[in-house]
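Open the model in your viewer and keep the sequence panel visible. The stops below go from one residue to a helix pair and then to the ligand.

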Amino acid sequence: MDEKAFFDFLNTRRSIRTFKDGAIDESKLSKILEACNLAPSSGGLQTFEIYQIKNKEMKERLVSAAKDQTFIAQAPLLLVFCANPSRSVERFGERSQLFSVQDATIAAAYAQLTIHALGLSTVWIGAFDERKVSEILQLQQSQRPVAILPIGYENEKPKEKTTRGSEDLLHTLD
Ligand SMILES: Cc1cc2nc3c(=O)[nH]c(=O)nc-3n(C[C@H](O)[C@H](O)[C@H](O)COP(=O)(O)O)c2cc1C
């Protein structure tokens, strides 16, 4: 992929909150997982877990755990990315808490871009009650939900994107 194609790809990704009916092919899910598997992770230990939810009742419960963002249940597939520090606690001690959140976040970001590359859409859902989501997914105590990605085919025109601009992001110290 050349530089222009790469930036065009990044530029055309948008958060989508309205989805058409229609299931996601297993082959597309496999590609998303392949990308997550390729993400960098702390010590290469991949200290995250991914839960898929297709069940309507479970989706509705997640909507209510996520401040009633009803569009979440409209998506045919939800992936919930969770930090699992128990996979690295022996090696990294207290730091494994942070590393596992970072591992789950990077994997979810890889998934988000892959979803776009596959012609699907999503939006990062971070506004949720962690305790309720953990209960719904019956997570082990050490695991922590980091992001929910509702995935489907887009049924809205995304808004123009506004950003801070590159200069505002960079602070030069010399
Ligand atoms: C950490 C994080 C949490 C977010 N939580 C939510 C959320 O709970 N609900 C939602 O609709 N969008 C959520 N978003 C999506 C952002 O609103 C969106 O990425 C931002 O407005 C930029 O738009 P874009 O993704 O189209 O570039 C979240 C994004 C991030 C990175």
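Helices here are DSSP runs of H or I with at least four residues, numbered from the N terminus. The model is a predicted one.

Start by selecting residues 26-38, which form helix 2, and pick out Lys 28 within that helix. Is Lys 28 buried or exposed? A residue counts as buried with 20 or more other C-beta atoms within 10 Å of its own, and as exposed with 12 or fewer. Lys 28 has 17 within that radius, so Lys 28 is partly exposed.

Next, add Leu 118 and Leu 120: Lys 28 is in contact with both, once its neighbours within four places in sequence are set aside. Draw a distance from the C-alpha atom of Lys 28 to that of Leu 120; the viewer should give 9.1 Å, for residues 92 apart along the chain.

Now show helix 6, residues 95-117, which packs against helix 2 at about 140 degrees with the axes 8 Å apart. The pair is therefore oblique. The crossing of helix 2 past helix 6 is right-handed. On the helix 2 side, select Lys 31, Ile 32, Ala 35, Cys 36 and Leu 38; on the helix 6 side, Ala 107, Tyr 110, Ala 111, Thr 114 and Ile 115. Coloured by class, this contact shows eight nonpolar residues, one polar and one charged.

Finally, centre on the ligand. Around the ligand are Arg 14, Ser 15, Arg 17, Gln 69, Val 123, Trp 124, Ile 125, Gly 126, Ala 127 and Lys 161. This shell has four nonpolar, three polar and three charged residues.

Methods:
Residues numbered from 1 in each chain as written. Predicted model: local features only at pLDDT ≥ 70, side-chain atom pairs only at ≥ 80, totals over all residues. Helix = DSSP H or I, 4+ residues; strand = E, 2+ residues; numbered from the N terminus. Contact = placed C-beta atoms within 7 Å. Near = placed C-beta within 6 Å. Nonpolar A, V, L, I, M, F, W, Y, C, P; charged D, E, K, R; others polar. Axes fitted to C-alpha atoms, helices over the stretch in contact; angles between N-to-C directions. Parallel < 35°, antiparallel > 145°, perpendicular 65-115°, else oblique. Left-handed = near helix turned anticlockwise from the far one by under 90°.
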